[in-house]
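Me: I have a structure open on my screen and would like to walk through it with you. Could you take my questions one at a time?

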Amino acid sequence: MPECSPSARPHRPLRLTTTALALAACSAVLSTTVATAAPAGPADGTNWAETAYRGGVDVVAGTDENPETIDGVVFEDKNRNSVQDTNEQGLTGVAVTNGRDVVTTDAQGRYELPAYDNMTVSVTQPRGYQVPVDEDNVAQFFYHHLPQGSPELRFGGIAPTGPLPDEVNFPLAKSSETSSPEQHCLIGADVQTYNQKEVEYARNGVFTDLAERTDYAGCGALFVGDVVGDDLSLFPQTRELTGMLNGPARFLPGNHDLDFDSPEREHNFDTFRSQLGPDYYSYDAGKAHVVALNTIEYPTVVPPRKSSYTYGLGEQQLEWLRNDIAQVPDNQLIVLASHSPLLEFYYSNSHRTKQLQEIYAILEGREVIAVSGHTHMSENLREGDLMAGWKDLVGDEGLPFTHLTVGAVSGHWYSGRVLEEGYPTSIQRDGTPPGVLTLDIKNTEVTERYTVTGGDESEQMALGVNSPTYRDWYAENAGKPRGTAPALEDPLVVSREDLAATTWLTTNFWMGSTGSTVRVAIDGAEPVEAVRTQQLQGETVNVGAEWSDPVAIQEQFVNGGGLADRTMHLWRLELPADLPAGEHTAEVTATDVHGRNYIDTLTFTVTE
């Protein structure tokens, strides 16, 4: 058994991503039998920084002959100068929207849409093409029309655009990356920087990891809201981080990306739109159609408070969603992205999207996977899963398709110990470390992959011991401010009394779900199947010390972070009361819903 030490883990020597480090006991060693590794790079072997299609939308100044409509052309930009030259043909059948209506281009690549104030005109990137990106790799596929500009806003909003331009033309470049039926769509939730120090945490952590990856050049990276933490002046600094990527970046707004001083709801996201792009849109990569939704409505009370928001689309966005999906062939996968989850386990009795049933109806019969962020935890909810708080919305049949909540880039808001690499441990409220999700897509088949910050594809779980001694320590310290509790002594030592009063070996399988299994072999004996603490068969949420992740709790109580007192991806095995005194080894094999196996080994000691 190799020694667990910083030198044994040269890439990120002090990560809190393995059981041994989390327990500060160097006896758990991770090995992996089957894991999905990131592909080496783009299919054609090119370098993103050298070959990225840089440019922008061609807004042609002048007075439009018909101020009631906006028109233009979508064209193949062969020389990549963002302007349609005489030898560059228009592209037919490409969807263009004004944020409400959706049309497709004619045989010459032309489109025409109704015009109105405060609209965003955008093109849906078609398969086999890519929209241009700017110097920060932010995708350029939109034009905002707001003649008088935003009302006076603290963070600026949108500058006056003046009269409707003569044309808005959308350049596209051919792309083998977006043509491929194999796509790797990177989803990052809640970068949520509150200050420049946290911008540097994000740079040193997740964005350094992503700079080393080259598998997402086609589908790119989608950051699903809470890009910053209320201070919208940090948009440029946080946006600059995407210049480290090897693919295009797109953004969605969250409840911390609002212009809170906006006098009208229609201007709530003007600064976001000005800095990062539309607040809802769609794009294609391979056989996937990604729909990016704005699910935050604010305010809901007068006078407004920062917490007075709800989950909803609004009638205009719902109309756009119907029109957008109507243009999508039935044989395409739909990735439905939003900041707040459509439904969730953690807040299953309270948090839900207002138009959920309408959304489900629009998508009925389609191949769909939903992804979101917001809650700073990881949830992998599969078709048919059911919690008591959902029954009024989904009935006894449960969820109609997979819903994924993505662990946050910021983790538990950049809390915890700051590691040598320059970012904090920041363990989240379900015990998941910070990181990013990748949707590995082949045609319309999706395999989700979570990569912890500073880690690799093999790190998918944390093993611990939940004993009466641990639960007593939990009770003594649960009421204290997080990060102030004394460490639990000898967390991997179990007394005979602990065994007699029920002690579990716990496995927090971060992307575990219905259909996953966890099997434990103690001291080389035949493996025994562990029991999932939440079956998602219509029950309520189990909360408290006996349902908690002891690995995460010991880090959080002592060094700061969330409160991992409930999770939908925890398995536990009751240790036999007659285990002899001495050292024991538990080999844990976690198998996900896709059949991938991960093996982690925990060594613990029984005392008389």
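Me: How many disulfides does the count come to?
Reply: Happy to help, and please keep in mind that this is a predicted model. A pair of cysteine sulfur atoms has to lie within 2.5 Å to qualify. Cys185 and Cys219 meet that with sulfur atoms 2.0 Å apart. The count comes to 1 disulfide.

Me: Which parts does the pair of Cys185 and Cys219 tie together?
Reply: A disulfide is a covalent bond between the sulfur atoms of two cysteines. Here Cys185 lies in strand β11 and Cys219 in the loop between α4 and β12, so the pair ties together parts that are 34 residues apart in sequence. The parts you asked for are strand β11 and the loop between α4 and β12.

Me: Is Cys219 buried or exposed?
Reply: A residue is called buried when its relative accessible area is under 20%. Its partner Cys185 has 3% and is buried. Cys219 has 1% relative accessibility, so Cys219 counts as buried.

Me: What is the handedness of the link of Cys185 and Cys219?
Reply: The thing to look at is the angle about the S-S bond, which is 95 degrees for Cys185 and Cys219. With that angle, the link is right-handed.

Me: Where does helix α4 bend?
Reply: Helix α4 covers residues 196–211. At its N-terminal end, Asn195 acts as a cap, with a side-chain oxygen 3.2 Å from the backbone nitrogen of Lys197. Further along, the helix bends by about 35 degrees, and the place is Arg203.

Me: Which elements do the buried residues of α4 pack against?
Reply: An α-helix has 3.6 residues a turn, so residues three or four places apart point the same way. The buried residues of α4 include Glu198, Tyr201, Ala202 and Gly205, and also Val206, Asp209 and Leu210. They pack against β11, β12, α5, β23 and β24.

Me: Which elements do the buried residues of α10 pack against?
Reply: Helix α10 spans residues 468–477. Its buried residues are Pro468, Tyr470, Arg471, Trp473, Tyr474 and Asn477. Their packing partners are β25, α11, β27 and α12.

Me: How many aromatic pairs are there, and what kind is the pair of Tyr474 and Phe557?
Reply: The count comes to 18 aromatic pairs. The rings of Tyr474 and Phe557 have centres 5.4 Å apart and planes at 40 degrees, so this pair is tilted. It links distant parts of the chain, with Tyr474 in helix α10 and Phe557 in helix α12, 83 residues apart. Both residues are buried, and to close on your two items, the values are 18 aromatic pairs and tilted.

Me: Which residues form one aromatic cluster?
Reply: A pair of aromatic rings is described by the distance of the centres and the angle of the planes. Beyond single pairs, one aromatic cluster is formed by Phe141, Phe142, Tyr281 and Tyr283.

Me: Which ring does the charged end of Arg572 sit over?
Reply: There are arginines over rings to look at here, and one of them is Arg429, over the face of Tyr346 at 5.4 Å from the ring centre. The charged end of Arg572 is 3.8 Å from the centre of its ring, and that ring belongs to Trp504.

Me: Which residue follows Tyr298 across a cis peptide bond?
Reply: Omega for this bond is near -10 degrees, and the bond is cis. The residue is found in the loop between β16 and β17. Its name is Pro299.

Me: Is Asp226 buried or exposed?
Reply: Asp226 has a positive phi, near 50 degrees, in a residue other than glycine. Its place is in the loop between β12 and α5. For another positive phi, see Arg80, at about 60 degrees, which is partly exposed with a relative accessible area of 38%. Asp226, at 2% relative accessibility, counts as buried.

Me: Which residues is Gln355 in contact with, leaving aside its neighbours within four places in sequence?
Reply: Gln355 sits in the loop between β18 and α8. With a relative accessible area of 8%, Gln355 is buried. Its contacts are Gly312, Leu313, Gly314 and Leu318.

Technical notes:
Residues are numbered from 1 along each chain as its sequence is written. This is a predicted model: local features need pLDDT of at least 70, side-chain atom pairs count only at pLDDT 80 or more; totals for chains, interfaces and linings use all residues. Side-chain values use heavy atoms; hydrogens and water are left out. The bend at a residue is the angle between axes fitted to the seven residues ending there and the seven starting there. Helices (H or I, at least four residues) and strands (E, at least two) are DSSP runs, numbered from the N terminus. Buried means under 20% relative accessible area, exposed over 50%, partly exposed in between (1.4 Å probe, protein chains only). Contact means heavy atoms within 4.5 Å. A polar contact is a pair of N or O atoms within 3.5 Å; within protein, one must be able to donate a hydrogen and the other to accept it, and residues adjacent in sequence count only if both atoms are side-chain atoms. Rings of Phe, Tyr and Trp (its six-membered ring) pair if their centres lie within 6.5 Å; planes under 30 degrees apart count as stacked, over 60 as edge-to-face and the rest as tilted. A charge sits over a ring if NZ of Lys or CZ of Arg is within 6 Å of the ring centre and within 35 degrees of the ring normal.
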